[in-house]
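Colleague: I'm new to reading models like this one. Please pick a single part and walk me through it slowly, in plain words.

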Amino acid sequence: MQRDPLPRPAAISLDEYRDRRVRLMAALPDNAAVLIPAATLKPRNRDGEYPFRQDSDFHYLSGFPEPDALLLLLPGRAEGETVLFCQPKDPLAEAWTGIRIGAEGAVVRFGVDEAHDNDVRDELLVELLDGRETLCFALDDEEALMIASDVRGALKARVRRGAKPPRSFTDITSVLHEQRLIKSEAELELMRHAGYISALAHRRAMQASRPGLCEYHLQAEIEHEFVWHGARSPAYGTIVGSGVNACVLHYVENNDRLDEGDLVLIDAGGEFDLYAGDITRTFPVNGRFSAAQRQLYQIVLNAQKRAVAAVGPGNTLSAIHDGVVRDLTQGLIELGLLAGDVQACIDDSSYRRFYLHSTSHWLGLDTHDVGDYKQDDVPRPLVPGMVVTIEPGLYIPDADDIPAAFRGIGIRIEDDVIVTVDGGEVTTGAVPKEMDDIEALMAASRSSDHGESVIDG
Ligand SMILES: [Mn+2]
């Protein structure tokens, strides 16, 4: 199959990275400094390491892609407010692990005001932070805490020589994460692309599905498509759960056989330029929904579509979730899976036997992205530039008191939605969710391949 790469959206500009730092500095207390460490490589086994993934906060403020760097923001410093420490150029090390950007490259290519090798970091930090009253960093970041404590200790030891150690450490995350919660137009373009690539991957998995394959065959289809489109990693562990495995919310084994007559639930999203896609689709292994599957699926789909339509400025994720719970509970009563009145089933939590997770989360550089869900203990209103998921589901236990046709069915439908000025924009609509559309896509792939799936092609 020959095809051309998709056009790439623009990368985040240096100006935008600079603006982000300026905005963060404007929100700091007087005479403060910010320390944000990069991620470091984590050992996987013996001398192997996990694929490197940059720290989201560090990336957001610098775009610098290497491990073991440190970003320092020094508001008001005449010689430059942004200082970066990074791995030194080292021809021997670079021959093994790749070219390093180096301090000079960091200034030229990433627009920081000043950059230095890590070798001189500790000594220079003491000079640069002398007299800063407040050091701001993520208080639960052990490395940042260690760096800040070491600097404070070194400055305390020099008090008699006139040094002024910091008086307090302040958590940067609330301010920084509030900033990350509202996406810029350039970020939204990357997220639309991540959503589109993720949708293509789900289409591919639908087209490849057939009884007798294993769950990991569909995982392979999904992740092939991510990487082919430049989403070099899944944004989170790909979930392919067929049959009753779909009822395990974070199922990761992906090694069961896809059986005739079962549904398969795939929750998978690609990460493009560090921005996450996050899609769930549930479809029949053999391409045709059974009557009982249709009944349950329609309940989840109706709830999901109403929730997507409810996304918009002023509404809250909490209110959207309440609507989903109401719709799902109503449907469960109509099918005889719950008895009694809707409000009573909500009040006594009996619906939670079938739906126990929440409907939405923020989406961005992290799959469960940062930002508070409540302000002053009250669910916060959505505003343009937020990105949310909408992902209701029903998970019917394989239990004796459940009608046999419904036992062990798990269904979740998840789309990503940008909050716009007058509603929501779905970024993941390129993969069908209507049952007839799913069946048509799966049937088309079968006829065009003369009965063979993509896997055999
Ligand atoms: Mn999700």
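Modeller: Let's get one bit of vocabulary out of the way: helices (H or I, at least four residues) and strands (E, at least two) are DSSP runs, numbered from the N terminus. Also, this is a predicted model, where local features need pLDDT of at least 70 and side-chain atom pairs count only at pLDDT 80 or more, while totals for chains, interfaces and linings use all residues. Residues are counted from 1 along each chain as its sequence is written, and side-chain values use heavy atoms, with hydrogens and water left out.

Start with Arg281, which sits in strand E14 (residues 279–284). Arg281 is buried (under 20% relative accessible area; exposed is over 50%, partly exposed in between, using a 1.4 Å probe and protein chains only), and its own value is 0%. What does its side chain reach? One target is the backbone oxygen of Val431, at 3.1 Å. The backbone oxygen of Pro432 is another, 2.9 Å from a polar atom of the Arg281 side chain. Both go down as polar contacts, meaning N or O pairs within 3.5 Å; within protein, one atom must be able to donate a hydrogen and the other to accept it, and sequence neighbours count only if both atoms are side-chain atoms.

Now for the metal. The manganese ion has Asp278 (OD), His361 (NE2), Glu391 (OE) and Glu414 (OE) as its protein donors, 2.1 to 2.4 Å away. A donor here is an N, O or S atom within 2.8 Å of the metal (3.2 Å for Na, K and Ca), and with water not among the atoms, a site may look incomplete. Along the chain, the donors follow the spacing D-x82-H-x29-E-x22-E. Glu391 is in the loop between E17 and strand E18 (393–395), and Glu414 is in the loop between strand E19 (410–412) and E20, so this pair ties together parts that are 23 residues apart in sequence. Glu391 and Glu414 are both buried.

E17 and E20 turn up again in an open sheet of 3 strands, in the order E17-E20-E21, with antiparallel pairing. Strands count as paired if DSSP finds at least two bridges between them. At the edges, E17 (387–390) and E21 (423–426) each pair on one side only. From one strand to the next, the twist averages 40°, with axes fitted to C-alpha atoms (for helices, over the stretch in contact) and angles from 0 to 180 degrees between N-to-C directions. E20 (residues 415–420) and E21 are joined by 4 bridges, and one partner pair is Thr420 with Gly423 in E21.
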